[in-house]
Amino acid sequence: MAESNGEKPVSEQSAGQQNRVTADDVANKAGVSRWTVNRAFRPDASISPKSRARVMQAAEQLGYAPDLLASSLASDKSNLVALLVDDFDNPHKLVMLERLTRILRKNGWDTLLVNMIDRDDASHALLNASQRRVDATILIGIEFDDDVIAAALSARRVKKLIVLARSSHNPHTISVCCDDVAAMTEIETYVTQKKYKRPLFFAGPNTASAHLNRKQTFLDLWRIRHGFEPEVIDGHAYDPILSMKEIQAALGDRARQDLPDIIVCENDALAIGAMDAIRHGLGLQVPDDIAVIGFDDVPLALSPNYQLTTYRQPITAMAERIVAILNNTTETDKHDGFVGHIVIRKSA
C-alpha cells in the first residue's frame, strides 16, 4: 500500500478553496469583460439592460456575489446608509423605517440600522456607523442635540448627515421634514371651525437642535385668533402607555367644567395614550366629552378602537427626496418642508 504524502485528496479540499467564483468566471460565462461584470453590480453605473441581465444570469448560475467591502474601498462609495433611531416606543418610527428602507432599497441603497440607547450613546452610535464606511447617516429620533451633531461633524465621522422628520438648524446638516407651520395652521383652523373653545396641547420631549415646531405654532395661532394661549402638557416620551398615565395624572382631579374640550397632540403616540386616559382613566367619552387630534396617521389610528383624526405626513415624498440627495440629483435644501393633509375621523 502506498504511503500518504499528507496532502488531502481534491475531493476533501475546502469547497471555498476549490470552487471560489470570481468576476472573471462570470465574465467568461456571460461573454463580457470583467469591467462589465463590475458595472453590472453598481446601481449607478452605465450599462445596457441586456448586458446587466446576462451578467446577473451568469452570476446566479455560478453562485457569484461581489465583495462589497472591496468595492467600496476601491470606489470610496458603499451605497450603504446608516439609520440611527432612538425611540421605538413611537409607532410612527416603524412606518417611517418601512417606507424609507423600501424606497432606498428600490433605488440601490442598502441600510444599516443602529439603535441608539440614549443621548450619551449618540456619539458612539455615530462612530459605529462611520466605521462601516456608510455614504450617509440619517437621524430618526429625538436625542440628537447641537452638541452631538457638532461633535460628529467636527470629527468627520459622517460624510453626509440627514435629519429626517425634524428640523435641524445646524448649517452642516440636511433636514427633510414636514412643514410644521402649514400642518398646524390646518389643524388650528379645523379646531376653530369645529367650535372647540378650550384646547389643551399635549407635547412630547423637546431638543435643542432636531426639534418640532408644532407646539409653538399652534399656541401662536390660537393666541392670535382667540386672544389667549392654550394650556400645555409636556410629555416625557412618545410612548402611548406613559402618555396615558400623564394625561390621567394631569386631568384626573379636575371638575368637568375645568377640563379641555379637545386635546391637540404632537403625534399619534401621545394621542392614543390620551384617548385611553379619557375613556379608561377618566371614564369619559371621545369626542363627546373630550375630542382628540393626533399627528402622523399611524396604522393604529384607523382602528375601530380609535378612529383618530390626525395629520398625515408625506413620508413617501420625503423618502424620495432623500434618495435624490444621496444621488446628488437635487439641491440639498437645508430645511425641506413637505406638506401633508389632515385625515378626519371620529375622534374630533
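These legends accompany several close-up views of a predicted model.

**Figure 1. The whole protein chain of the predicted model, as a setting for the close-ups.** Before zooming in, it helps to have the overall make-up in mind. The protein chain contains 13 helices and 12 strands. Of its 348 residues, 48% are buried. Take the contacts between residues at least 6 apart in sequence: 73% of them join residues at least 24 apart. The salt bridges number 14, and several of them appear in the views below.

**Figure 2. Helix α6 packed against helix α13.** Here you see residues 91-106, which form α6, beside residues 315-326, which form α13. The two axes are 9 Å apart and meet at an angle of about 45°. An angle of this size lies between the roughly parallel and roughly perpendicular ranges, so α6 is described as oblique to α13. The crossing of these two helices is right-handed. On the α6 side, the contact is made by His92, Met96, Arg99, Leu100, Ile103 and Leu104. Facing them from α13 are Ile315, Thr316, Ala319, Glu320, Ile322, Val323 and Leu326. Sorted by class, this contact brings together nine nonpolar, two polar and two charged residues.

**Figure 3. A salt-bridge network of Glu98, Arg99 and Arg102.** Stay with α6 for this view, as its span of residues 91-106 takes in the trio shown here. Glu98, Arg99 and Arg102 are linked through salt bridges into a network. Arg99 may look familiar from the previous view, where it is one of the α6 residues that meet α13.

**Figure 4. Helix α9 packed against helix α10.** In this second helix pair, α9 covers residues 180-193 and α10 covers residues 214-226. Their axes lie 9 Å apart, at an angle of about 45°. That angle makes α9 oblique to α10, and the crossing is right-handed. From α9, the residues in contact are Asp180, Val181, Met184, Thr185, Glu188, Thr189, Val191 and Thr192. They meet Arg214, Thr217, Phe218, Leu221, Trp222, Arg225 and His226 of α10. If you colour-code by class in your own viewer, expect six nonpolar, five polar and four charged residues in this contact.

**Figure 5. The salt bridge between Glu229 and Arg223.** The two side chains come together with an N to O distance of 2.8 Å. Glu229 has a relative accessible area of 43%, which means that this residue is partly exposed. Its partner Arg223 is also partly exposed, at 35% relative accessibility.

**Figure 6. Asp297 with its salt-bridge partners Arg312 and Arg345.** Begin with Arg312, whose closest N and O atoms with Asp297 are 2.7 Å apart. Asp297 sits in the loop between β9 (291-293) and β10 (310-312), while Arg312 belongs to strand β10, so this salt bridge ties together parts 15 residues apart in sequence. Asp297 has a relative accessibility of 13%, under the 20% limit, and therefore counts as buried. Arg312, by contrast, is partly exposed, with a relative accessible area of 34%.

Now turn to Arg345, which also forms a salt bridge with Asp297, the closest N and O atoms being 3.0 Å apart. Arg345 lies in the segment after β12 (341-343), so its pairing with the loop residue Asp297 ties together parts that are 48 residues apart in sequence. Both Asp297 and Arg345 are buried.

Conventions. Residues are numbered from 1 along each chain as its sequence is written. This is a predicted model: local features need pLDDT of at least 70, side-chain atom pairs count only at pLDDT 80 or more; totals for chains, interfaces and linings use all residues. Side-chain values use heavy atoms; hydrogens and water are left out. Axes are lines fitted to C-alpha atoms, for helices over the stretch in contact, and angles run from 0 to 180 degrees between N-to-C directions. Helices (H or I, at least four residues) and strands (E, at least two) are DSSP runs, numbered from the N terminus. Angles under 35 degrees count as roughly parallel, over 145 as roughly antiparallel, 65 to 115 as roughly perpendicular and the rest as oblique. A crossing is left-handed if the near helix is turned anticlockwise from the far one by less than a right angle, and right-handed if clockwise. Contact means heavy atoms within 4.5 Å. Ala, Val, Leu, Ile, Met, Phe, Trp, Tyr, Cys and Pro count as nonpolar, Asp, Glu, Lys and Arg as charged, and the others, Gly among them, as polar. A salt bridge is a side-chain nitrogen of Lys or Arg within 4 Å of a carboxyl oxygen of Asp or Glu. Buried means under 20% relative accessible area, exposed over 50%, partly exposed in between (1.4 Å probe, protein chains only).
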